[in-house]
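User: I would like to learn how to read a model of this kind, feature by feature. Could you take me from the overall layout down to single residues?

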Amino acid sequence: MKDLTFDKNRVISFSDAVFSIAMTLLVLEVGIPSIKAIGVKSTWELLENRIPSFIGLLVSFLVTALYWVSHLRTMKFVSSVDSKLLWLNIFLLLFIVLMPFSTGFYVGGFNYVGPFVFYCFNLSAIGLFNFLLIRYVLKKEKGHPELKPQAVKWHTYTALNALVIWILAGVLAFVLPSVARLIFILIFVIQFFINRNYKRKIKNLEDNA
């Protein structure tokens, strides 16, 4: 059982399907106005009432998409899927599937701390299993020609970036809720510097070669 492996293509195809379904279901959290509401309220008023839902859709869709891209990037290094890798992937997908619910819960209680903390928990859990998955693959496939030391650091820091920021957002929600809701922007800012530092080091290595 220790050496049992699974079809990599089936694992990737199943994972892609879960990501795509979860991302599609996010739009269902934006309630469609009834005919009665359309006849009574203006279009702008109807859309304005759904601004939190659109914010939740946009943030959740983009974050889930980033994790999907990370998954694609990681799986290309995998030579074989063993039991540990399979279960790390399954738990990652479990929390991806939870995204439509946590997004709906968050936008439904947009002005409350509890729903936002639950939303951050969901994203932190995705970040955790994404990090564990990446760390395991980097260790398992350390002989891969593309996994040079600088590349390993880039993948590790990139995975830790989102995980740390979402945990921080969940903690800050109790004391600085307004800041907590916007702190996810730091993910993109920090990633910019991670990418720039990585490119600079690669360039220095090439120049010294």
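Analyst: What follows goes from the whole chain to its core, its largest pocket and a few chosen residues.

User: What should I establish before looking at any single feature, and how many helices and strands does the protein chain have?

Analyst: One should first note that this is a predicted model, and then take stock of the elements. The protein chain has ten helices and two strands, and from the N terminus on these run β-α-α-α-α-β-α-α-α-α-α-α. Of the 209 residues, 41% are buried. Among contacts with a separation of 6 or more, 78% are between residues 24 or more positions apart.

User: How do I read the largest nonpolar core, and which residues in it touch the most other members?

Analyst: The general idea is that in soluble globular proteins, nonpolar side chains tend to be buried together. In this model the largest nonpolar core has 48 residues, of which Phe 116, Tyr 119, Ile 126 and Trp 166 touch the most other members. At least two residues of this core come from each of helix 1 (8-25), helix 4, helix 5 (83-97), helix 6 (99-108), helix 7 and helix 8, and helix 7 gives the most, with 13 residues. Ile 126 serves as an example: leaving aside neighbours within four places in sequence, Ile 126 is in contact with Tyr 67, Leu 92, Phe 95, Ile 96 and Met 99.

User: Is helix 6 mostly covered or mostly uncovered?

Analyst: Helix 6 is mostly covered, since seven of its ten residues are buried. The buried positions in helix 6 are Met 99, Pro 100, Ser 102, Thr 103, Gly 104, Tyr 106 and Val 107. For reading such a list, the general point is that an α-helix has 3.6 residues a turn, so residues three or four places apart point the same way.

User: How should I describe the largest pocket, and which residues lie nearest its centre?

Analyst: A careful description gives the volume, then the lining, then the origin of the lining residues. The largest pocket holds about 390 Å³ of space and is lined by 21 residues, with Leu 66, Arg 73, Thr 158, Ile 187 and Gln 191 lying nearest its centre. By class, that lining comprises twelve nonpolar, eight polar and one charged residues. Helix 4 (51-75), helix 7 (113-140), helix 8 (149-172) and helix 10 (185-208) each supply at least two residues of the lining.

User: What can be said about Thr 158, and is this residue buried or exposed?

Analyst: Thr 158 lies in helix 8 and counts as buried because its relative accessible area is 15%, under the 20% cut-off. The side chain of Thr 158 reaches the backbone oxygen of Trp 154 at 2.8 Å. Apart from neighbours within four places in sequence, Thr 158 is in contact with Arg 73, Gln 191 and Ile 194; of these, Arg 73 and Gln 191 are also among the residues nearest the centre of the largest pocket.

User: Which residues do Gly 170 and Leu 172 touch beyond their sequence neighbours?

Analyst: Gly 170, found in helix 8, is buried at 9% relative accessibility and touches Val 117 and Cys 120, not counting residues up to four places away in sequence. The C-alpha atoms of Gly 170 and Ala 180, ten residues apart in sequence, are 7.0 Å apart in space. Leu 172 also has its place in helix 8 and is buried, with a relative accessible area of 18%. With the same neighbours set aside, Leu 172 is in contact with Pro 177, Val 179, Ala 180 and Ile 183, and its C-alpha is separated by 9.2 Å from that of Ile 183, eleven residues apart along the chain.

User: Where is Glu 146 found, and what joins the side chains of Glu 146 and Lys 76?

Analyst: Glu 146 is found in the loop between helix 7 and helix 8, and is partly exposed, with a relative accessible area of 45%. A polar contact of 3.4 Å joins the side chains of Glu 146 and Lys 76. Setting aside neighbours within four places in sequence, Glu 146 is in contact with Lys 76, Phe 77 and Ala 151. Between Glu 146 and Phe 77, which are 69 residues apart in sequence, the C-alpha to C-alpha distance is 8.2 Å.

Note on methods. Residues numbered from 1 in each chain as written. Predicted model: local features only at pLDDT ≥ 70, side-chain atom pairs only at ≥ 80, totals over all residues. Heavy atoms only, no water. 1 Å grid on protein atoms, 1.4 Å probe; cavity = no way out; pocket = protein on both sides within 12 Å on 5 of 7 lines; lining within 4 Å. Points joined across faces, edges and corners; volume = space filled by probe spheres on them. Helix = DSSP H or I, 4+ residues; strand = E, 2+ residues; numbered from the N terminus. Nonpolar A, V, L, I, M, F, W, Y, C, P; charged D, E, K, R; others polar. Buried < 20%, exposed > 50% of the residue type's maximum accessible area, 1.4 Å probe, protein only. Polar contact = N/O pair within 3.5 Å; in protein donor to acceptor, adjacent residues only side chain to side chain. Contact = heavy atoms within 4.5 Å. Core = buried A, V, L, I, M, F, W, Y, C linked by side-chain atoms within 4.5 Å.
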